[in-house]
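Hi there,

Here is the structure I promised to pass on to you. Have a look at it first, and then read my notes below.

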Amino acid sequence: MQAALLNATFVYYLFPLLMILGWYLRGRQARHARSLAILEENRRAGLTEPASLHPVVDPLRCMGCGSCASACPEGDVLGLVRGRAELINATHCIGHGACKEACPFDAITLVFGTEKRGIDIPVVNPDFQTNMPGIFIAGELGGMGLIRNAVEQGRQAIASIAAYCEPRRGDDRLDVVIVGAGPAGFAASLGAMERKLRYLTIEQESLGGTVSHFPRGKLVMTAPVVLPLVGKVGFTETSKETLMAFWEKVARDTGVEIRYGERLEDIVPEGDAYRVRTTAGEYLASTVLLAIGRRGTPRKLGVEGEDLPKVVYRLIDAEQYAGQHVLVVGGGDSALEAAGSIAEQPGSTVTLSYRSAAFSRAKEKNRQRVEALEKEGRLRVIFNSTVRSISETAVVLDREGEQIELRNEAIIISAGGILPTPFLKKIGIQVETHHGKA
Ligand SMILES: Cc1cc2nc3c(=O)[nH]c(=O)nc-3n(C[C@H](O)[C@H](O)[C@H](O)COP(=O)(O)OP(=O)(O)OC[C@H]3O[C@@H](n4cnc5c(N)ncnc54)[C@H](O)[C@@H]3O)c2cc1C
Ligand code: SF4
């Protein structure tokens, strides 16, 4: 009787429990193995330093529940390694901070920079003004990433600028030059229009800043914001395309003036104002709002023909290159990813030119993809080569003295960016280097 009862208990209670436990442990083991594999791959590729604000996990508090990893909207940024949460995909962290909020044990602190790589953050007052009177900073350049923060700061910075500027003067001096038309600069430009300031916005590329360079279809996580002239905008989860279409419509409907394709080159004090020099001219302004983000200006090659419209510095949509002869320049992950996705388009021929002898700073999976495509004859890699000149229909490479002319319809240059810190220092803005401080 007792044995039958024990049997029934085992069959109906213990067995299912053991099954569930076994299933849970197997899942956990697989998750740990996957996290470790991602972490090791990134270590091998040297991709261990986050760009800006990122989580640091206290191993003494972490219980390994994984809530932080599940909460991150960017996917595999945090993972579980040896029973504890760890930043496994550091370069993909954009500082959402959802991990910190999700941790039930308060094991996460958000910090700028690491011991190895400091992050330069300009010193900015609560009114967004720097140590240079009349030069203001808003958005990610000031350290705080995310679209909602950038929009909010752009709006608030313009309020400070309106309070700072003297009442309208008789001359043609501008109240403010806004540099950058990402979320911060766009919100600031609408704010300047709303407040009837004499403003000018310049943007080296196009509307939307970093958002316009997100991959096609990227899920954008944001929060409702107040956009000047528009009011409350309620996006929380949307796609890159929907957000960009909305901003473009706002730009059209309001008639906000933004000069695209114009880059800031210098800011020089002149009396109680600033002389702002750009690639298209110079302006005298009482104040300058720098909303230039942290991604910098794409590094140019400085060769003949580089200003042709077929030359771009970021791949947005591989499909547009189907059937074309394309050159990709660079040896990092973005160059390899661009070359790989274009080579997979029907009818395209892709050449990947890199100045070194091997791809030492790219992820193994990208290197393997390039090798596989090369074996299939869909992509050609030319190491130890540099671009010599570009024309409408061709490009000339120099490989250790040998000239190689290739038929060409498009060029994607992924040669990194010139970061804004040296420029900030040059114009006299105080910058602090953070090494993992909150
Ligand atoms: C892959 C990725 C995914 C992300 N996903 C999200 C997300 O889901 N949700 C979210 O909230 N945030 C996300 N972010 C972060 C978000 O994109 C940024 O925090 C935000 O765009 C910062 O806005 P900003 O206006 O300060 O700077 P940016 O968007 O970087 O805009 C700066 C602008 O200034 C221009 N500029 C720079 N230098 C000059 C110059 N010298 N002259 C003229 N113009 C210049 C640039 O061309 C650019 O258009 C993501 C970031 C990345 C990289
Ligand atoms: S949520 Fe907190 S306790 Fe759970 S894994 Fe992440 S850091 Fe550790």
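What follows is a short tour of the domains, the ligand shell, a pair of helices and two loop residues.

Please keep in mind that this is a predicted model.

Let me begin with the overall layout. The protein is divided into three parts: domain 1 covers 26–113, domain 2 is made up of 120–296 + 420–434, and domain 3 runs over 311–416. Taken over C-alpha atoms, the centres of domain 1 and domain 3 are 33 Å apart. These two domains do touch, with five residues of domain 1 in contact with five residues of domain 3. On the domain 1 side of that contact there are two nonpolar residues, one polar residue and two charged ones.

Next comes the ligand. Ligand 1 has 33 residues around it, and those that come nearest are Gly139, Gly180, Gly182, Gly209 and Gly293. Two helices, α4 (147–164) and α5 (183–194), each give two or more residues to this shell, and so do the strands β8 (199–203) and β9 (219–221). Sorted by class, the shell holds 16 nonpolar, eleven polar and six charged residues.

You may also like the pairing of helix α7 (residues 333–343) with helix α8 (residues 364–375). Their axes come within 9 Å and cross at roughly 35°, and the crossing is left-handed. From α7, the residues that take part are Asp333, Leu336, Glu337, Ala339, Gly340 and Ala343, and they meet Asn366, Arg367, Arg369, Val370 and Leu373 of α8. By class, this contact has five nonpolar, two polar and four charged residues.

Finally, two residues have a backbone angle worth a look on your screen. Lys196 is not a glycine, yet its phi is positive, at about 60°. You will find Lys196 in the loop between α5 and β8, two elements that also contribute to the shell around ligand 1. Is Lys196 buried or exposed? Lys196 counts as exposed because it has 10 C-beta neighbours inside 10 Å, and the cut-off for exposed is 12 or fewer.

The other one is Leu229, a residue other than glycine with a positive phi near 70°. Leu229 is placed in the loop between β10 (225–227) and β11 (231–233). With 14 C-beta neighbours inside 10 Å, Leu229 counts as partly exposed.

Happy to talk any of this through whenever it suits you.

Best wishes

Methods: Residues numbered from 1 in each chain as written. Chains lettered and ligands numbered in written order. Predicted model: local features only at pLDDT ≥ 70, side-chain atom pairs only at ≥ 80, totals over all residues. Axes fitted to C-alpha atoms, helices over the stretch in contact; angles between N-to-C directions. Helix = DSSP H or I, 4+ residues; strand = E, 2+ residues; numbered from the N terminus. Left-handed = near helix turned anticlockwise from the far one by under 90°. Contact = placed C-beta atoms within 7 Å. Nonpolar A, V, L, I, M, F, W, Y, C, P; charged D, E, K, R; others polar. Near = placed C-beta within 6 Å. Domains from an automatic or database assignment. Buried ≥ 20, exposed ≤ 12 C-beta atoms within 10 Å, placed from the backbone.
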